[in-house]
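Colleague: I would like to learn how to read a two-chain model. Could you take me through a few features, one at a time?

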Amino acid sequence: MKEKTKYILLLMSFVLIAMGVYRGEVKEVLQKAINICLECIGIG
Amino acid sequence: MARIKRRIAQLASTIIGNGYMEGFAKGTIYRGKLKSVCFPGLNCYSCPGAYTSCPIGSLQSVAAGLKHQVSLYVIGFLMLVGTIGGRLVCGWLCPFGFFQELLYKIPSKKFKMPKILNKVKYFFLVVFVLLLPAFFTNEVGIGLPYFCKYICPAGTLEAGIPLTIKNAALRGAIGIMYYWKLMLLTVTIIFSILISRPFCRAVCPLGAIYSLFNSVSFYRMSVDGTKCTKCNVCNKNCPVDIKIYENANSPECVRCGKCVDRCPTKAIKSGFISEKKGRLNHEKILDASCGADNSH
């Protein structure tokens with residue numbers, strides 16, 4: 001059962017990544033990451 | 001030998017992941033396209049040296065935005081890393097885990113962490129990383145990265161301190177939240193000297209996510225019941241205080257491999273194990289080489 005589960009999870013992870021890329025999330029992540037996160041450093 | 005390999009991996013991951021030296025020199029951050037890729041460990045994307053994104057920060061920032069309440073891209077990435085290794089990243093690649101391990105080496109009286117605190121990290125994951133950024137928003141619908149803002153000491157250590165030292169504009173904007181986070185970092189440092197990996201075990205939402213995959217991941221721990229004498233040497237050397245012979249793939253195990261090295265009967269193995277066959281790949285290789293010898 002666990003053997004199957006890990007292959008299903010692996011497949012699901014690729015599907016989720018592909019869906020995220022398709023929805024334009026890569027740009028969203030990049031947009032946030034290239035600007036200093038003021039909340040992270042305790043200023044925002 | 002495994003201990004040295006792990007130290008090299010931890011050091012390499014910390015240095016390579018934060019290798020943008022210009023950022024440290026100028027008090028700025030890397031702004032290239034690599035930042036759209038997540039780092040597998042907890043590593044603040046506002047660290048001046050960071051080339052990649054923090055998965056926990058990215059998860060919150062997408063949820064806090066207007067378009068999506070959950071990031072499939074980041075969840076898929078975490079699922080991929082978790083399915084391959086479970087919490088292997090915590091023990092081998094996470095810079096903040098490495099930092100805590102170094103602090104624990106400082107000579108002092110050592111304490112055990114109450115096991116109930118292991119569950120608290122799931123609260124931080126669900127409430128501060130998943131729910132609050134997505135649903136506790138302003139009138140326009142924009143949320144905040146609540147875990148980064150109120151809890152994360154890694155952001156203070158890796159980004160807050162180096163940026164405010166070099167960047168005068170940021171230094172001028174320091175307020176009460178900065179001191180709150182500085183206090184949390186100080187508390188984390190003190191606890192890390194006294195208790196092994198307290199942040200990983202009680203707070204880290206990334207560890208909480210990866211822990212869900214420990215029981216099903218490709219990389220696994222295994223204990224040979226016929227060799228194990230339950231002498232507890234594994235438990236005494238375990239940084240997260242588990243008895244591996246009770247649950248070889250416990251959600252708390254960071255797969256550091258100390259138990260594998262120290263087991264006097266060599267009953268513990270780790271690697272990419274097939275559950276079906278119940279054996280490690282290197283055992284199969286050993287068998288194959290024995291078979292070759294026998295044929296002569």
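Modeller: We go through confidence, the chain contact, one helix, one residue and the domains; note that the model is predicted.

Colleague: What is the mean pLDDT of chain A, and which of its elements has the lowest value?

Modeller: Chain A has a mean pLDDT of 92, with 98% of its residues at 70 or more. Among its elements, helix H3 (residues 38–41) of chain A has the lowest mean, 91, and H1(A) the highest, 94.

Colleague: How many residues does each chain bring to the contact?

Modeller: The size of an interface is often given as the accessible area lost when the parts come together. Here we have residue counts: 30 residues from chain A and 48 residues from chain B. On the side of chain A that touches chain B, H1, H2 and H3 of chain A each supply at least two residues. The largest share, 13 residues, comes from H1(A). By class, that side of chain A divides into 17 nonpolar, 5 polar and 8 charged residues.

Colleague: Now a helix. Why does the span of H4 of chain B agree with its 14 residues?

Modeller: An α-helix has 3.6 residues a turn, so residues three or four places apart point the same way. As for length, helix H4 (residues 72–85) of chain B should span 20 Å at 1.5 Å a residue, and its end C-alpha atoms are 20 Å apart, so the two agree. After H4(B) comes B:Gly86, with a positive phi near 60°.

Colleague: Is H4(B) mostly covered or mostly open?

Modeller: Mostly covered: 12 of its 14 residues are buried, including B:Leu72, B:Phe77 and B:Met79. The buried residues pack against helix H1 (2–22) and helix H2 (25–33) of chain A, and also against H3, helix H5 (88–92), helix H13 (205–211) and strand S1 (219–223) of chain B.

Colleague: Why is B:Tyr45 called buried?

Modeller: The cut-off is 20 or more other C-beta atoms within 10 Å. B:Tyr45 has 31, so this residue is buried. B:Tyr45 is in the loop between helix H2 (21–26) and helix H3 (55–64) of chain B. Its contacts include A:Ala33 and A:Cys37 from chain A, and B:Lys35 and B:Gly57 from chain B.

Colleague: Which domains does the assignment give for chain B?

Modeller: Domain 1 (2–211) and domain 2 (219–294). Their centres, taken over C-alpha atoms, are separated by 30 Å. In the contact between them, 18 residues of domain 1 meet 13 residues of domain 2. The domain 1 side has 6 nonpolar, 6 polar and 6 charged residues.

How values were computed
Residues are numbered from 1 along each chain as its sequence is written. Chains are lettered from A and ligands numbered from 1 in the order in which they are written. This is a predicted model: local features need pLDDT of at least 70, side-chain atom pairs count only at pLDDT 80 or more; totals for chains, interfaces and linings use all residues. Helices (H or I, at least four residues) and strands (E, at least two) are DSSP runs, numbered from the N terminus. Two residues are in contact if their C-beta atoms, placed from the backbone, lie within 7 Å. The expected span of a helix is 1.5 Å times one less than its number of residues. pLDDT is the predictor's confidence in each residue, from 0 to 100. Ala, Val, Leu, Ile, Met, Phe, Trp, Tyr, Cys and Pro count as nonpolar, Asp, Glu, Lys and Arg as charged, and the others, Gly among them, as polar. Domain bounds come from an automatic or database domain assignment.
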